[in-house]
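User: Please take a close look at one part of this predicted model. I would like to hear about the largest nonpolar core and the sheet beside which its elements are described.

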Amino acid sequence: MVKLFEKCSEIDRIFQKDIYQRSVKKHKIFLRGNENFYVYILIEKKNETDENVKKIEDEILEIYPSAEISFLYESDVEEDDFYKDIFSEATNNGNIHIEYGRRRFNTFLNKPVDKVRFERKNDSCPIVTFYSYKGGMGRSTTLAFFALHLAFKKRLKVFIIDADFEAPGFTNFFLKYPNEENQRNGLIEYIFDKKTKLTSKEYLERYTWEVDNTFIKNDFLDGKKGSIKIMPAGNLKSDFQNPSKDFLQYDMNHYLEALARINLVNQDAIMNTFTEVIQDIQDTFQPDVILIDSRTGFNDVMGVTAMQLSQIMVGFFRNDIQSLPGIKFFIDNAMQRMKYIEPYLINSILPHNISLKKNIFNDFKQKIQNITGTLQREDAEWDLEFPCFPLSKNENIEILKMQMTPYLFALL
C-alpha cells in the first residue's frame, strides 16, 4: 500500500475516538496535487481552550510531522466560501472526510455512482464500448466483425470511433486491396482542430471514411442500406524511406504532437470533449449505433467512454491470474452502474480443443460468479448473473486481422 494514503486513514481514525467527539464538529483531510497534507478541523468556540484540541494536533503530527493543521470555528466557515467548500459533503471517494487530490481516474474511482453525466437526447443512438484490460484479446477484431454483422445483416448505419490512441487499429481494417495505404485524419486531429477553431462539425466528413460496399454487400432489395463509417484515431502516415529535416512534414508527427497537447487525464475535459464529438457525429451522420474501440488497462478515456457515455460495455479477458485485477476492476465498476449500463464479459482467446475450451470457459464463469458474490452489496439493485461469452481462436480471423479485404471476407 502507499504509505501516504495509510497516513490519511490513521489520521481519520483519530477523530473516531470518543474523547474527541465533544470537541470536533467536522474534519476534512486534504492531499493536494503536490502531495502537501492539510487537516481542517471545525470545533465549537467554547472548546477553544479544550485540552483535547492540543491532543488532536499532537496525534496528527506524530503520524505525519509535516501536516498543516487548521482549527476553525463556525464563524470562519460562514464567512469564507473556501472553508464552506472544504466542509461540504461533496467527495471524490467513498469517505466524506478525505479528499485525495487526484489528477486522474476520477471517473471510475468516484463511489457511490448516483448518475450518468452524459445527458442523452431522445433521438440519441446507443453507444457500445469495447474494452480489454490487456492487448491481444481480439477486442478490435470482434468490434469490426460485429460492425459488419450490424451493417450487412441488420442493415444499420454503424459508426466506429477508434479511441485506442497509443495503438490505433482502424486504419488497418476493411482494406479494399491488400497492403492498401489507408492513413487519414481522425479523432485526434478533429479534437485539436476544433479546439483551435480551425474546423467545425460541418467538415466532420473529412475526419472519417466509409467502408466500401463490397464488404457490406448491400443489395437494396428491401430499400434499406447498411453502412459503416469510421473515425480513426488519427493519421499515422510517415515516409521513413525519404527522411526529411522538416519534423512536421509527416502526418504521424502531427498526430503525436496533437496527442501530446490534448488533455486526456482530466475527467471533465475528456467528458466534455467526447460528449461534443459524439453529438457532432449524431447531428451529422444520424448513425443507428456508435461502437467505440477503447484503450487498454486503467485509463481515463475508458472511464469516460465505457462508464459515462455507453449503454453497453463489452470487456475482453483471459482466464488467467494476470487478467484477474482487470476482471475485478471491470465487474466492480459495472456493478456500480447497473442502472445505466449493460455489461458483457468475453472470455478470450480460447483454444480449438472443444473439451479444453469448455473447461476454461466454465472455470471463467465460476470465477466471475465468485467475484460478483464477493462484491455484491446489500443496497445493490442487481441480482442477475454477468452475461459471459467465449471467444475462440480462428485461423481465418487471424488472416483477416492482417489484411481485412472483401476478397478474404468472401472466403469465410
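Analyst: What follows covers the core, then one of its residues, then the sheet and two helices on it.

The model is predicted. Its largest nonpolar core holds 31 residues. Ile 161, Phe 165, Leu 187, Met 231, Phe 274, Ile 281 and Ile 290 have the most contacts inside this core. At least two core residues come from each of strand S6 (157-162), helix H7 (187-195), helix H9 (251-261), helix H10 (267-285), strand S9 (289-293) and helix H11 (300-309). H10 gives the largest share, seven residues. Nonpolar side chains tend to be buried together in soluble globular proteins.

Take Met 231. Leaving aside residues up to four places away in sequence, Met 231 touches Phe 159, Ile 160, Ile 161 and Asp 162. Its other contacts are Gly 186, Leu 187, Tyr 190, Leu 204, Tyr 207, Thr 208 and Val 277. Another core, of 27 residues, lies apart from the largest one. Phe 145, Ile 160, Phe 215 and Ile 228 are among its members.

Now the sheet. Eight strands form it, in the order S7-S8-S6-S9-S5-S10-S11-S12. The sheet is open and the pairing is mixed. Strand S7 (209-210) and strand S12 (388-392) are the edges, each pairing on one side only. S7 runs antiparallel to strand S8 (residues 227-231), joined by two bridges. Here Glu 210 stands opposite Lys 229 of S8.

Two helices complete this view. H11 lies across strand S5 (127-132), S9 and strand S10 (312-317), at about 135° to S5. Helix H13 (residues 354-375) packs on the sheet and touches S10, strand S11 (342-350) and S12. The direction of H13 makes about 145° with that of S11.

Methods
Residues numbered from 1 in each chain as written. Predicted model: local features only at pLDDT ≥ 70, side-chain atom pairs only at ≥ 80, totals over all residues. Heavy atoms only, no water. Core = buried A, V, L, I, M, F, W, Y, C linked by side-chain atoms within 4.5 Å. Buried < 20%, exposed > 50% of the residue type's maximum accessible area, 1.4 Å probe, protein only. Helix = DSSP H or I, 4+ residues; strand = E, 2+ residues; numbered from the N terminus. Contact = heavy atoms within 4.5 Å. Pairing = 2+ DSSP bridges. Axes fitted to C-alpha atoms, helices over the stretch in contact; angles between N-to-C directions.
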